[in-house]
Amino acid sequence: MDFTLSKEQIDIQKAAREFALGEFSEKAQEFDRNETFDPQIWKKACDLGFVGVFIDEAYGGAGLGLLEHCLITEEFWAVDAGMGNAVLTTTFGAELLGLFGTEEQKKKYLPPLVEGKAVIGTAITEPDAGSDVTCAVTSAEKDDDEYVINGSKMFITNGTRANYLNVFCLTDPDNPDRHKRHSFFIVETDRPGFEATKIHGKLGIRANDTAEISFSNVRIPASNLIGQEGNGFKELMNFFNMTRLHICAQAVGIARAALEESIAHIKKRHQFGAPLASFQVNQFKVAEMATMIRAARNLYYEAAWLTDNGKMDHALTAMAKWFSGQIAVKCADEALQMHGGYGYIDEYKVQRIYRDAKIVEIYEGTKEIEKLIVARSLLRG
Ligand SMILES: Cc1cc2nc3c(=O)[nH]c(=O)nc-3n(C[C@H](O)[C@H](O)[C@H](O)COP(=O)(O)OP(=O)(O)OC[C@H]3O[C@@H](n4cnc5c(N)ncnc54)[C@H](O)[C@@H]3O)c2cc1C
């Protein structure tokens, strides 16, 4: 099996690394402290072609694979997770439109995402529907040639930034099959009755926006239905099988950042008359971190390659998601430990890495839910 990246992929990786180092490094601490970022950086990333590379050329993208998007994600997160999130989640939902949107929807909503003229998000989670999305009660009721949306959603990435959101709604509450009760709609956020409130005080990825949103009699044309009515759950699972790979790349990126910070620190800091790097305990730590990173990367490369080649493997993607999340948190923990007291202070990047890392075990399917998916695939039949 050949895991070698092509020259084009290596060039993308290098360019992404250079962009992130140049644009994120200096301001990352300030953005984290102030829970904000400079949208000009996102626009610049769009101009340089880093955003939405997986979107078809027909809709303004580069027509590349998920793997290329993951390579950029890993590089961005290896420099700063908050900024990586702020810049690249602006297309979080384009995959759903690419898979199930009508030609008209794709032409209307995808090009502005690549051009830096619009931001999309995807709203599934609700106050009482997290891991079990089938409990979502935000409703979409048909009224002639419109749907009327009512309800609220929780923890929505880009909730206050997005120009439009894919919204997971209950359309057939009485269907005996709970997997056929929901549908996806694209909702423009300037419609009357839509409200978004930014959530403050997040542990990590503080540069980007996460919001609570609500819909009060929000009217949308029936043509804003994505895919088929009642097919929302199935569409969501297909969508997640793509976007969870992005989270794997985020996790590997932040684990790399943890390793890079650790190596720099233990080579520089001396105790007992010798650099920390001369102690075998720290040598073992960096060796283990590098091994875990390599293993996690190989898992997601394979899962992304299979997806890009039409052989999506749901169980493998779930394995890659929980494993990469776990090693990210582990690497961040070891990195902080090697920094001692300095790691506890926000002057040091490792503190931010430690806080940022946790999210990859939570969003788009917690590690427990991913393990359930793997277990089901093993125990089926
Ligand atoms: C910063 C941030 C950004 C987010 N962005 C988005 C977004 O853009 N769009 C969106 O829709 N959502 C988003 N989310 C929501 C995220 O996907 C959910 O938080 C996540 O799916 C978990 O749901 P929950 O928080 O309700 O936890 P719960 O479902 O209440 O789970 C709590 C705990 O119980 C465990 N658990 C639950 N059920 C089981 C089970 N059957 N077996 C074993 N363990 C179980 C979970 O693994 C978890 O550890 C975001 C969240 C955060 C924090």
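Helix α9 (residues 232–268) bends by about 30° at N241, the bend being the angle between axes fitted to the seven residues ending at a residue and the seven starting there. Helices are DSSP runs of H or I with at least four residues and strands are runs of E with at least two, numbered from the N terminus. The model is predicted, with local features requiring pLDDT of at least 70 and side-chain atom pairs pLDDT 80 or more, whereas totals for chains, interfaces and linings use all residues. Residues are numbered from 1 along each chain as its sequence is written. The 37 residues of α9 should span 54 Å at 1.5 Å a residue (1.5 Å times one less than the number of residues), which agrees with the 53 Å between its end C-alpha atoms. Because 29 of these 37 residues are buried (20 or more other C-beta atoms, placed from the backbone, within 10 Å of their own), α9 is largely enclosed by the rest of the structure.

An automatic or database domain assignment divides the protein into domain 1 (7–115), domain 2 (120–230) and domain 3 (234–379). The centres of domain 1 and domain 3, taken over C-alpha atoms, are separated by 20 Å, and their contact (C-beta atoms, placed from the backbone, within 7 Å) takes 20 residues from domain 1 and 22 residues from domain 3. On the domain 1 side, α4 (66–79), α5 (81–88) and α6 (94–100) each give two or more residues, with α4 giving the most, 10 residues.

The ligand lies between domain 2 and domain 3, since both give residues to the shell around it. This shell holds 20 residues (C-beta atom, placed from the backbone, within 6 Å), the closest being G130, S131, T157, T366 and E368.

Definitions and conventions. Buried ≥ 20, exposed ≤ 12 C-beta atoms within 10 Å, placed from the backbone. Contact = placed C-beta atoms within 7 Å.
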